[in-house]
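Reader: Before accepting any label, I would like to see the value behind it and the cut-off it is set against. Can we go through the model that way?

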Amino acid sequence: MKGDITINVIITGLFAIGVAAFALYLMFKMFLEIESVNLQAKTERDAILLANAILSHKNLVYCDSNFICYRGMLDANKLNNTFVYSTSGFNDTEEFKMVIDPNFWITRDKLDLGYENTIANVIIIDLDDCKRDRCVAWGGSIVNLNAWELMEDNPIYKFGKCLVESFDISLGHLAKSVGACIAGAGLGAVIGSVIPGVGSALGAAIGCGVGVIATLWTPEEIVNCVIESIPEPIKMWITTGNPISHKGIPINIVYDADTIHKGRIIVSLLELV
Amino acid sequence: MKLQLEIKWFLAIFIVTVITLLILSKLVSIALSQLYQIIAESSSQNVAIQLASLMSATGSIMGRIEVEYIPSNDISYDIEVDSMGKEIAVKAKFPQIYIQKITSEAKFCTSFDSQKIQDVNRFVIEKYEENGRVYYRLSAWRINE
């Protein structure tokens, strides 16, 4: 008679565990998948939106005598005023250094576009005037730094903040921690009594502490916090094999009303946090 | 003999339960994904991304534009544009108590004024020109349907 009850209990228990584990697996799988899709698309989307906004900026586009401005048609004179000009397509190291040199960063009064704590390198190439020995191009870096956010979003701080935010203060969790403390204390007391100089009391205290810490967060919570605290360039590098997102969009470069060249604008984004 | 009979019954129930669970798992999966879809569409993260994308996208228009965005009629949101006018934080206030109220941030490449608005669900993003200068404006209200 006792045997019947044991089998019953075991099978029922196994069912309950199986169903719970399956439901949890399904939920985590679904949530994690959608989270990662959002992360992957972010830098790509930002680069495309910035490139499109640059193509329509009043300080760069060509406007005719009636003050009608044309999207995607960049005025060569305006480009000269905003970007660094190169006839070597920035193959010359000195010219390229000027593009990334903080002294030549594009200020907000010239171009009020760009993301916070992101380095956006913009290169505009005149494809109709780009041969082996001569390639006309303009380049510049748009940088908007926010020191507070840079500090707040550093990976270690973010990881710690995420752990604190995901800390569970429910009664169920408290019971789990108390149980782990008791089990750890028992084990610690046994180990402490065997090791000379430690004693069962100190062993129990250490064991209780280890037990509580071990139950503070689930492995999923820790994995989630690790994913959240990874810096943007590393996320980009993991997902695309490159820490920078390059987006090239076709444009026209207007030298004067009769001289219009085909070109391309390449926006490279490096998101610092 | 009695024990053997009971184990046979258990095995029968076990097999039937496994088959039922396999069928149900598909239904559960569909139900969960539908629930997730509803929550995801109105979530803080999604609304923050959508708003930031629209705020950036207004920059790609020549001249004046007005974009309206209503993520949900039932859920209200708290929004905050940061002091540099380059990042928006959104907090979705789901009426269901089991959904955590998380704040999500997203960045945009245009420049908006710093502001804080609470309990809204209709957003209007504008780009306009005044005295030869370009301005961007985010307005928000609460609508019920």
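Reader: Where does N131(B) lie?

Author: N131(B) is in the loop between β6 and β7 of chain B. Bear in mind that the model is predicted.

Reader: Why is N131(B) called exposed?

Author: Its relative accessibility is 79%, and exposed means over 50%. N131(B) therefore counts as exposed.

Reader: What makes the phi of N131(B) worth a remark?

Author: The phi of N131(B) is positive, about 55 degrees, although the residue is not a glycine. Most residues other than glycine have a negative phi. In chain A, F67(A) also has a positive phi, near 65 degrees, and is a residue other than glycine. F67(A) sits in the loop between β1 (61–63) and β2 (69–75) of chain A. At 74% relative accessibility F67(A) counts as exposed, because the cut-off is over 50%.

Reader: Why is the contact of D129(A) with R134(A) called a salt bridge?

Author: The closest N and O atoms of D129(A) and R134(A) are 2.9 Å apart. A salt bridge needs a side-chain nitrogen of Lys or Arg within 4 Å of a carboxyl oxygen of Asp or Glu, so the pair qualifies. Side chains of opposite charge can pair when their charged atoms come close.

Reader: Are D129(A) and R134(A) buried or exposed?

Author: D129(A) has 18% relative accessibility and counts as buried, because buried means under 20%. R134(A), with a relative accessible area of 36%, is partly exposed.

Reader: How do you know that R64(B) forms a salt bridge with E126(B)?

Author: Their closest N and O atoms are 3.2 Å apart, and the limit is within 4 Å, so the pair is counted. This pair links distant parts of the chain, 62 residues apart. R64(B) is in the loop between α2 (44–57) and β1 (65–69) of chain B, and E126(B) is in strand β6 (residues 122–130) of chain B. R64(B) counts as exposed at 53% relative accessibility, whereas E126(B) counts as buried at 8%.

Reader: What other residues are linked with R64(B) and E126(B) in a network of salt bridges?

Author: E66(B) and R137(B) belong to that network with them. Over all chains, the structure holds ten salt bridges.

Reader: What makes R122(B) and E68(B) a pair that ties together separate parts of the sequence?

Author: R122(B) forms a salt bridge with E68(B), with the closest N and O atoms 2.4 Å apart. R122(B) lies in strand β6 of chain B and E68(B) in strand β1 of chain B, so the pair ties together parts 54 residues apart in sequence. R122(B) has a relative accessible area of 23% and E68(B) one of 46%. Both are called partly exposed, because that class lies between under 20% and over 50%.

Reader: How many helices and strands does chain B have?

Author: Chain B has two helices and seven strands, in the order α-α-β-β-β-β-β-β-β along the sequence. Buried residues account for 41% of its 145 residues.

Reader: Where is Q45(B), and why is Q45(B) called partly exposed?

Author: Q45(B) is in helix α2 of chain B. Its relative accessible area of 25% makes it partly exposed, because buried means under 20%. The C-alpha atoms of Q45(B) and A92(B) are 8.7 Å apart, with their positions 47 residues apart along the chain.

Reader: What makes V18(B) eligible for the nonpolar patch?

Author: V18(B) has 33% relative accessibility and counts as partly exposed. Patch residues need over 30%, so V18(B) passes that cut-off. V18(B) is in helix α1 of chain B. Helix α1 (residues 2–42) gives the largest share of the patch, eleven residues. Together the patch residues, including V19(A) and V18(B), have about 1,000 Å² of accessible area.

Reader: Which residues lie nearest the centre of the second largest pocket?

Author: They are H57(A), D112(A), R133(B), V134(B) and Y135(B), out of 18 lining residues. The lining divides into five nonpolar, five polar and eight charged residues. Strand β7 (residues 133–141) of chain B gives the most to the lining, with four residues. The pocket holds about 380 Å³ of space.

Note on methods
Residues are numbered from 1 along each chain as its sequence is written. Chains are lettered from A and ligands numbered from 1 in the order in which they are written. This is a predicted model: local features need pLDDT of at least 70, side-chain atom pairs count only at pLDDT 80 or more; totals for chains, interfaces and linings use all residues. Side-chain values use heavy atoms; hydrogens and water are left out. Buried means under 20% relative accessible area, exposed over 50%, partly exposed in between (1.4 Å probe, protein chains only). Patches are made of residues with over 30% relative accessible area and no salt bridge: like charges are joined within 9 Å, nonpolar side chains (Val, Leu, Ile, Met, Phe, Trp, Tyr) within 5 Å. Accessible areas come from the Shrake-Rupley method with a 1.4 Å probe; for residues, only the protein chains shown count as cover. On a 1 Å grid over the protein atoms alone, a cavity is a set of points where a 1.4 Å probe fits but cannot get out, and a pocket is an open set with protein on both sides within 12 Å along at least five of seven lines; lining residues have an atom within 4 Å of a point. Grid points are joined across faces, edges and corners, and a volume is the space filled by probe spheres set on the points. Ala, Val, Leu, Ile, Met, Phe, Trp, Tyr, Cys and Pro count as nonpolar, Asp, Glu, Lys and Arg as charged, and the others, Gly among them, as polar.
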